[in-house]
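The following exercises concern strand pairing and the surroundings of a ligand. Please work through each task before reading its solution.

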Amino acid sequence: MRSGERQRQLEDLLRHYRDCWHPQPFRELQPDWCLAYPALSADLLALDQAQFDALSADNDAALVWLASYLPEIDALRSLIRVAPAAAVPPSPVGERWAWEIPGRKRAQIEAFAGSARCSGQPVIDWCGGKGHLGRLLAGQWEQPVHTLEIDAVLCAEGERLSLRQRAEQHFIVADALATMDWPQRGQHAVALHACGELHRRLLRQGAAQGVRRFDVAPCCYHRGVGDFYQPLSSGSALALTRDDVRLAVTETVTASPRLARRRDREMAWKLGFDAYRRASSDAGYRTFRSVPAAWFADDFSGFLQQMAVREGLPAPLAANCAQWEVAGWRRQHEVMRLSLPRQAFRRALEIWLVLDLAVYLEELGYAVNLQSFCAQRLTPRNLLISAERAD
Ligand SMILES: C[S@@+](CC[C@H](N)C(=O)[O-])C[C@H]1O[C@@H](n2cnc3c(N)ncnc32)[C@H](O)[C@@H]1O
């Protein structure tokens, strides 16, 4: 299926089910869809921990489960499937290139390098950090590489590493959002996890400057978005708020049991405070600033006292704190379960955002291929847009 048709079908489904993924159960005591789909809401709330964990860990299983209540959702399963790139085994550049890179990061870089294809053009490595990817490609593709990065310290460190390896790699300290000098005509632009507006500018500016080939793995799509996402491709009518766009990247690599317990407790305590706040004033949910980690090291009553002072609420009675803690855990149980439909749409939103970029490039005459460059457990941001134009 062509990217434009796939984007249109995905967009129809996202618009149809917007009420199920747009509201945030953390903020709303009962999202409106609970009234529209009472059986779904009741069955979600009745999920035991093992059932809930299984559906949270497996998006396809969650979509199958949800399809008994929201039948059209079944079509999402094929629309969000992305083929893995046929990886080329790395040519023998030796182990030395990667001495100082943490294991997971190194595996991501090697997977990206094995999935992108050498075009025989000089390379620009966009927002390249210490230039690990550029350094690897300089060795594997035997092309000169320019690594553009805003942080001069990272560039200096990258230069040291590239000199040690005698790579033909040059560092440019520049702001990717402002430079008019890069990328340049005929270059092959690569970008691994350039956030939000950084990857969008690469595509806009690069296409205008005559970049021949792009290999881009986007991330943090919400960075640089104002109130609403502005699609790059023409003809889209999906209005995504910044929070909607952020939803696409809230999926993280599965947390360890210890971290999961800590995350659950922090959410329960914040919701316990929210329950106290709602009872103490008649306003609905109000966002609050991030909470210092040290406040979670205390017990719940200490946490609640500190939150109440900071947010200008009357101090809670010590004898009532247990009641708010119980309320927080009850809400945490509900919020986690009522968030399942929202979470099941995360990948669909991400694929739509990536298709927006792919269709934009197609409209400009590029032949575009969308693949995944590694397993989602290595990084959830595993999508790779490869685009080539013949001029
Ligand atoms: C997530 S890191 C990715 C680094 C590298 N591509 C990698 O995968 O190891 C994003 C990089 O973008 C850089 N960056 C952020 N804003 C930038 C800007 N306006 N211009 C250039 N680089 C920027 C950051 O300093 C950081 O090194």
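**Exercise 1: Strand β1 and its partners**

Task: Determine which residue of β4 stands opposite D125, and establish how β1 is paired and covered.

Solution. Step 1: D125 lies opposite V190 in β4. The model is predicted: local features require pLDDT of at least 70, side-chain atom pairs count only at pLDDT 80 or more, and totals for chains, interfaces and linings use all residues. Residues are numbered from 1 along each chain as its sequence is written.

Step 2: β1 (residues 123-126) and β4 (residues 188-195) pair in the parallel sense over 3 bridges (pairing requires at least two DSSP bridges; strands are DSSP E runs of at least two residues, helices H or I runs of at least four, numbered from the N terminus).

Step 3: β1 is also joined to β2 (residues 145-149) by 4 bridges, again in parallel, and W126 stands opposite L148 there.

Step 4: V123 and D125 on one side of β1, and I124 and W126 on the other, are all buried (20 or more other C-beta atoms within 10 Å of the residue's own, with C-beta atoms placed from the backbone).

**Exercise 2: The ligand shell**

Task: Identify which element supplies the largest share of the shell around the ligand, and describe the shell.

Solution. Step 1: β4 supplies the largest share, 4 residues. α9 and β4 each contribute at least two.

Step 2: Of the 17 residues around the ligand, C127, G129, I150, A176 and L192 come nearest.

Step 3: By class, the shell divides into 10 nonpolar, 4 polar and 3 charged residues.

Technical notes
Buried ≥ 20, exposed ≤ 12 C-beta atoms within 10 Å, placed from the backbone. Near = placed C-beta within 6 Å. Nonpolar A, V, L, I, M, F, W, Y, C, P; charged D, E, K, R; others polar.
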